[in-house]
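Here is a brief report on one protein model. Look over the chain below before reading on.

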Amino acid sequence: MPRVKGKEQLCSCEQKHFKSIQGFGEHTLFERYTDIENVVNKKVDEKYHHFLAQPVIEDDTITWFSKPYNETPSRFTELQGEELTKYDIIKKNTIDHYQKNIEILKNEGQNSEAETLENSIKFINDDFVYCYDGIVVLGIWGMQLKENYRESIGTVTKNLFKEKKKSTIVSSVIDEPSQPEIETPEIPIENPFTIRFNAGDNGNLSGNTELQKHSGEIISESEVPKVEPKAGYEFTGWDKNPNDYGVTGETIFTAQYSPIVPPITRLPWYKRFWNWLRNLFFGRGCLKWLLWLLLLLLLILLLIWLLRGCDSERVRPIPSPIDDKPWIHDDPRVGDGGGIYDPGNPYEKVPTPPDYRDVLPPNQGEMPPIDTTKIIREPGKPVIISNRLNVLMENEDKSIMDLAKKFKEKYPDAKYKVVYYDDVVKRMQIEVPPEERLKLKTEIPEKFAPEYELFVFDESLFEGGYTPNDPAFSSTDKSWYLKSINAPNAWDITKGSANLTIAIVDNGFSLKHPELQSKVVMPYNVWLHSKGIFAQNIDHGTHVAGTALALMDNKKGLCGIAPNCAFMPIQVANKQGLMTTTSILDGILYALYQGADVINVSLGMQFTGTLPESEQRNLQNNHFKEEERLWNKVMEISDKHKAIIVVAAGNENMLAGVNPMSRPKNFIVVSAVDKSNREYHKAGFSNYGDYSTVSAPGVSIYSTVGNSDYQVMDGTSMAAPIVTGTIALMKSLNDSLTAEQIVCILQGTGKPAEGKVGNLIQIDKALLKVQSGEFTDCDSRPDTPSTGDVQILLSWDNYNDLDLVCTDPNNETVWFKNKSIASGGKLEIDMNVNYPDSKTPIENIFWPSGGAPNGTYNVYLVYYKKHIEINETPYKITVKYGDKTEVFTGKIKREDNSLPICTFTLGDANNSPPPSGRSKDELLREREKLQKQLDQIDRELREIRNNVNFKK
């Protein structure tokens with residue numbers, strides 16, 4: 001039985017009899033007891049700290065612990081008379097105090113803490129309220145008893161407290177008039193009697209062989225030792241029955257036995273046959289040697305057959321062979337040096353070379369375990385592991401293993417350790433002292449420059465973006481969302497291709513579900529580095545997979561969007577349900593290198609607390625740049641492999657771009673819309689904003705869970721696989737579609753949705769667009785470029801890549817490396833020329849109406865990349881500001897690198913503010929500071945021209 005220091009067992013229950021209240025992320029409310037206890041200790045008066053019993057979970061059983069008791073606890077429903085009146089007042093005072101502090105937390109803006117505490121006391125069942133020593137304890141909370149067990153409390157809960165004498169402690173909660181104390185004469189305590197148990201001659205005892213009992217006490221069954229008879233004997237009982245024996249004096253109980261007489265019977269036929277075989281193989285004569293030889297040959301043949309079967313049935317390969325994929329010959333990381341991402345050989349661990357074993361873990365790409373005590377949760381920030389840092393190396397021509405050696409030279413102390421590395425994507429993870437994490441994030445890149453270009457970022461925890469619903473309260477119209485996106489009409493065009501594979505990167509899966517079992521190919525568990533997939537308590541992954549690709553016409557449940565496509569399950573959560581940046585990245589890279597066509601990631605960073613939108617925008621535009629760089633590198637690989645990555649926008653009702661995984665321009669970020677019969681609105685929980693690519697239904701989505709069940713869930717996690725399935729249908733018609741083309745088609749054929757989210761997809765119209773082939777001019781451009789207080793529109797001939805650059809009055813720069821800035825400027829259209837397919841390429845920078853600051857703006861044109869042997873590229877730039885429009889035309893050459901196009905002033909230049917009164921020296925210092933900023937911009941522009949490894 002479990003124990004908790006300083007507390008005693010109160011009761012226990014089994015989870016199967018209860019419906020749990022959901023907490024945050026993937027955890028039930030009672031699993032977050034530590035967080036709740038922290039809130040209680042900070043806000044609740046000490047005399048009420050005991051109210052919520054502490055749960056300890058073992059399998060399906062929860063044992064509840066409470067403050068030690070002097071008197072035997074009683075259920076509230078068992079009390080009568082004065083005891084009932086007293087504890088009714090104590091219970092009311094306790095609950096009122098908790099509710100008062102919940103309101104205080106809400107007024108202080110601590111909504112997350114208030115909601116957690118409020119949900120903890122949401123369902124108070126008097127059958128689970130225990131009373132003793134002048135206090136009340138809520139023995140079972142965070143759960144609601146299922147309807148069919150409401151009348152038999154004793155079958156679902158078990159009292160674990162020990163019987164104790166009645167306490168004379170008077171509750172401090174009720175002020176009662178003092179009563180005169182009555183002296184009670186002392187009663188002499190008799191010495192106890194010794195009760196002995198004698199094993200006898202033919203057995204042994206297991207347990208206590210002596211008891212101390214007073215006269216009149218009863219011997220319980222649990223106090224009687226167990227008897228283990230010796231061979232040839234059986235225990236027949238005690239000389240007198242000790243169970244419920246009333247003690248009157250010294251007593252000895254002696255075990256009784258009888259000998260076991262085996263019956264004389266004829267051996268059954270199978271034993272006689274066995275004896276014949278044994279004599280044949282082990283008896284005398286030469287025949288036995290011939291038989292042994294024949295048996296050995298048979299065993300060898302059987303072993304060869306089994307090994308062959310294991311090799312061929314190890315996993316089902318993807319239907320479209322990897323060798324047929326065009327990227328297999330173009331990606332330099334594929335082949336002998338491909339490491340853990342070698343196509344077709346994903347389960348074989350790659351051992352660390354002998355020369356590096358002193359500084360690196362035994363195998364490449366092997367996930368290190370997580371110390372859950374090192375998890376940090378701070379309001380408004382991602383949840384991170386405090387003793388881990390990730391290092392991403394930009395130098396493609398260098399080895400991450402050599403970097404690890406140099407790291408240990410500079411940080412030789414044992415407290416700095418490389419715990420993970422990947423020489424394919426050039427990254428490693430280091431274990432560091434938590435108190436040095438922030439210092440090392442800035443120190444390491446400087447310490448290894450200029451030989452290495454490094455980016456250091458935290459190891460964040462991720463969670464599934466969903467909100468589970470109880471099926472009993474779900475809508476009966478389970479297929480509403482399929483009609484809202486015209487899925488039935490789309491299936492008349494295609495139901496997907498068996499040669500197209502959808503990878504679902506998620507917490508775990510129930511692969512025995514009949515909707516999915518026959519579709520599974522190349523399963524992978526990144527933590528086990530094997531095909532060992534299992535489901536989590538909250539079966540998020542199975543629900544997501546079923547939404548995307550569950551079978552059709554099998555007379556079960558509801559089909560997925562792409563029912564004919566193959567299913568590649570990739571588990572990125574460990575046994576504790578934890579998912580990290582590294583595990584999710586490994587899962588996505590596995591899918592890419594094993595040939596998946598569409599990859600669904602319904603996961604996002606864990607954030608605690610809420611932030612104003614202004615702070616969110618600051619995080620979106622200026623923070624997590626190292627992680628953004630990592631996901632952009634993944635995007636480059638997915639583009640080469642012609643694979644599409646779909647990401648859930650998240651469920652925090654905040655800007656989607658706060659999560660750096662949502663920022664790569666070719667990741668398709670999906671927001672959720674609510675259920676409606678008219679206009680479609682953003683679901684209340686859904687993230688939104690500039691990075692929301694498209695939207696899909698995300699409320700009351702009915703899909704697969706467990707080995708054969710179905711459930712309704714809400715969340716952007718449910719919206720994302722709807723889009724994933726749609727893209728799979730599109731690629732079934734044309735597998736060469738690029739991410740830019742898919743976004744263009746989905747946005748152009750979708751319906752507008754309210755709430756700053758992307759258009760609601762219409763699958764049938766998207767498929768008709770693919771069939772028509774009329775999408776060659778689909779490189780991330782809207783139908784009409786946006787305009788406002790300031791608009792700068794570039795168009796040029798389809799020869800080479802050009803880029804548009806503008807600095808605002810605050811000297812912030814809008815361009816492809818920084819698409820949004822604080823003053824509101826945005827690079828809305830950023831086209832890359834794919835000669836000769838790009839038609840009339842354009843780029844557009846604008847400030848919305850009422851959003852552009854007054855002052856001076858500078859416009860530049862950059863020659864980014866040469867595609868064909870035409871050096872001079874004609875251009876046209878239209879600049880609108882205020883009520884003025886200017887047009888600039890010309891030609892840019894490769895050797896020009898960048899051209900200054902124009903300078904203009906927004907607002908009345910003559911109505912400038914009076915002189916600041918600063919001295920000449922101050923103004924000169926200010927001019928020097930601004931000049932340095934301009935010089936930095938010029939250096940970055942020159943790098944574009946000179947650095948052949950630069951990736952856009």
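How much of the protein chain do buried residues make up? The model is predicted. Buried residues account for 49% of its 952 residues. The chain carries 18 helices and 45 strands. It exposes about 47200 Å², and carbon and sulfur atoms supply 49% of that area. Among contacts in the chain with a separation of 6 or more, 74% join residues 24 or more positions apart.

**Nonpolar cores**

The largest nonpolar core holds 134 residues. Met568, Ile584, Ile588, Ile599, Ile668 and Val723 touch the most other members. Helix α15, residues 716-733, gives this core its largest share, nine residues. Another core lies apart from it, with 46 residues, among them Ile21, Ile90, Ala114 and Met143.

Take valine 723, one of the residues that touch the most other core members. Leaving aside neighbours within four places in sequence, valine 723 is in contact with Val646, Ile668, Val670, Val694, Ala696, Leu746 and Ile761. Ile668 is also among the residues that touch the most other members of the core.

**Valine 44**

Valine 44 sits in the loop between α1 (33-43) and β3 (54-58). Is this residue, valine 44, buried or exposed? Its relative accessibility is 4%, so valine 44 counts as buried; the cut-off for buried is under 20%. Leaving aside neighbours within four places in sequence, its contacts are Val39, His49, His97, Tyr98 and Asn101. Tyrosine 98 is 54 residues away along the chain, yet the two C-alpha atoms are separated by 6.9 Å.

**Backbone exceptions**

Most residues other than glycine have a negative phi, and most peptide bonds are trans. Two residues with positive phi are set out here.

| Residue | Phi | Loop | Relative accessibility |
|---|---|---|---|
| Aspartate 59 | near 55 degrees | between β3 and β4 (61-66) | 78%, exposed |
| Asparagine 486 | about 60 degrees | between α9 (480-484) and α10 (487-491) | 17%, buried |

Neither aspartate 59 nor asparagine 486 is a glycine. Aspartate 59 counts as exposed because its relative accessibility is 78%, and exposed starts over 50%. Asparagine 486, at 17%, counts as buried.

Where does a cis peptide bond occur? The bond from alanine 449 to proline 450 is cis, with omega near 0 degrees. Proline 450 lies in the loop between α8 (437-448) and β24 (454-464).

Key:
Residues are numbered from 1 along each chain as its sequence is written. This is a predicted model: local features need pLDDT of at least 70, side-chain atom pairs count only at pLDDT 80 or more; totals for chains, interfaces and linings use all residues. Side-chain values use heavy atoms; hydrogens and water are left out. Helices (H or I, at least four residues) and strands (E, at least two) are DSSP runs, numbered from the N terminus. Buried means under 20% relative accessible area, exposed over 50%, partly exposed in between (1.4 Å probe, protein chains only). Contact means heavy atoms within 4.5 Å. A nonpolar core is a set of buried Ala, Val, Leu, Ile, Met, Phe, Trp, Tyr and Cys residues joined through side-chain atoms within 4.5 Å. Accessible areas come from the Shrake-Rupley method with a 1.4 Å probe; for residues, only the protein chains shown count as cover.
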